[in-house]
Amino acid sequence: MALYAVLWRYTDDTALLDRIRPLHREYLQGMVAQGVVRQAGPFGDGSGGLLVYDVADERELATWIDEDPFSVHGVIAESRSWPWTPVIGPLTAS
């Protein structure tokens, strides 16, 4: 398994964001329970979020992202991801 840092920029449609957020968080909770998502949260200004996935490869990462309600309903305006290797902190044991 490998860690990936994912940055999202959300749509400017705040009504859509607010409507889909509960579905997105429920989806994330399921992934946390499965060990797929290690950390997730929005930026303080509400413009996007940061997620850390623990997956086999970029193809698996893309599948999880594509099935997220934020993706399905068009909340994500931009998505970038990178393989990530933590060197300090609780995720270093991954």
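Q: Quick one to start: is arginine 38 buried or partly exposed?
A: Arginine 38 is partly exposed, with a relative accessible area of 30%. Keep in mind that this is a predicted model.

Q: Thanks! Which residue forms a salt bridge with arginine 38?
A: That would be aspartate 54, and the closest N and O atoms of the two are 3.0 Å apart. Aspartate 54 sits in strand E3 and arginine 38 in strand E2, so the salt bridge ties together parts that are 16 residues apart in sequence.

Q: And is aspartate 54 buried or exposed?
A: Buried: its relative accessible area is 13%, and the cut-off for buried is under 20%.

Q: How many salt bridges does the count come to?
A: Three. Another one joins the side chains of arginine 9 and glutamate 78, at 3.3 Å from N to O. Arginine 9 belongs to strand E1 and glutamate 78 to strand E4, so this pair links parts that are 69 residues apart in sequence.

Q: How accessible are arginine 9 and glutamate 78?
A: Arginine 9 has 40% relative accessibility and counts as partly exposed. Glutamate 78 is partly exposed too, at 37%.

Q: What does arginine 21 pair with?
A: Arginine 21 forms a salt bridge with aspartate 18, with 3.0 Å between the closest N and O atoms. Both residues lie in helix H1, three residues apart, which is about one turn of the helix. Arginine 21 is partly exposed at 25%, and aspartate 18 is partly exposed at 44%.

Q: Switching to the sheet. What's the strand order?
A: The order is E2-E3-E1-E4, in an open sheet of four strands with antiparallel pairing. The edge strands are E2 and E4 (76-83), each pairing on one side only. On average, neighbouring strands are turned by 15° against each other, ignoring direction.

Q: How many bridges join E1 to E3?
A: Eight bridges join strand E1 (residues 2-10) to E3, and the two run antiparallel. Tyrosine 4 stands opposite tyrosine 53 in E3.

Q: Then what about E2 and E3, how many bridges there?
A: Five, again with the strands antiparallel. In that pairing, glycine 41 stands opposite leucine 50 in E3. E2 and E3 make a hairpin with five residues between them, and glycine 46 in the turn has a positive phi of about 75°.

Q: Where do the helices go? Which strands does H1 lie across?
A: Helix H1 (residues 14-34) lies across E1, E2 and E3, and runs at about 160° to E2. Helix H2 (residues 58-67) lies across E1, E3 and E4, at about 130° to E3.

Q: Let's pick a residue in H2. Is leucine 61 buried or exposed?
A: Leucine 61, which is in helix H2, counts as buried at 3% relative accessibility.

Q: What is leucine 61 in contact with?
A: Leaving aside neighbours within four places in sequence, leucine 61 contacts Tyr4, Val6, Tyr53, Val55 and Ser81. Tyr4 and Tyr53 came up a moment ago, as the residues that stand opposite each other.

Q: How far apart are leucine 61 and leucine 3?
A: They are 58 residues apart in sequence, and their C-alpha atoms are 9.7 Å apart in space.

Q: Over to H1 then. Is histidine 24 buried or exposed?
A: Histidine 24, in helix H1, is buried, with a relative accessible area of 6%. Not counting residues up to four places away in sequence, histidine 24 touches Trp8, Asp68, Pro69 and Phe70.

Q: Last topic, the surface. Which residues form the nonpolar patch?
A: Leu7, Phe43, Leu50 and Trp82 form that patch, and together they have about 310 Å² of accessible area. Leu50 is the residue opposite glycine 41 in the pairing of E2 with E3.

Q: And where is phenylalanine 43 found?
A: Phenylalanine 43 is in the loop between strand E2 (37-42) and strand E3 (48-55). With 33% relative accessibility, phenylalanine 43 counts as partly exposed. Patch residues need over 30% relative accessible area.

Key: Residues are numbered from 1 along each chain as its sequence is written. This is a predicted model: local features need pLDDT of at least 70, side-chain atom pairs count only at pLDDT 80 or more; totals for chains, interfaces and linings use all residues. Side-chain values use heavy atoms; hydrogens and water are left out. Patches are made of residues with over 30% relative accessible area and no salt bridge: like charges are joined within 9 Å, nonpolar side chains (Val, Leu, Ile, Met, Phe, Trp, Tyr) within 5 Å. Accessible areas come from the Shrake-Rupley method with a 1.4 Å probe; for residues, only the protein chains shown count as cover. A salt bridge is a side-chain nitrogen of Lys or Arg within 4 Å of a carboxyl oxygen of Asp or Glu. Buried means under 20% relative accessible area, exposed over 50%, partly exposed in between (1.4 Å probe, protein chains only). Two strands pair if DSSP finds at least two bridges between them. Axes are lines fitted to C-alpha atoms, for helices over the stretch in contact, and angles run from 0 to 180 degrees between N-to-C directions. Contact means heavy atoms within 4.5 Å.
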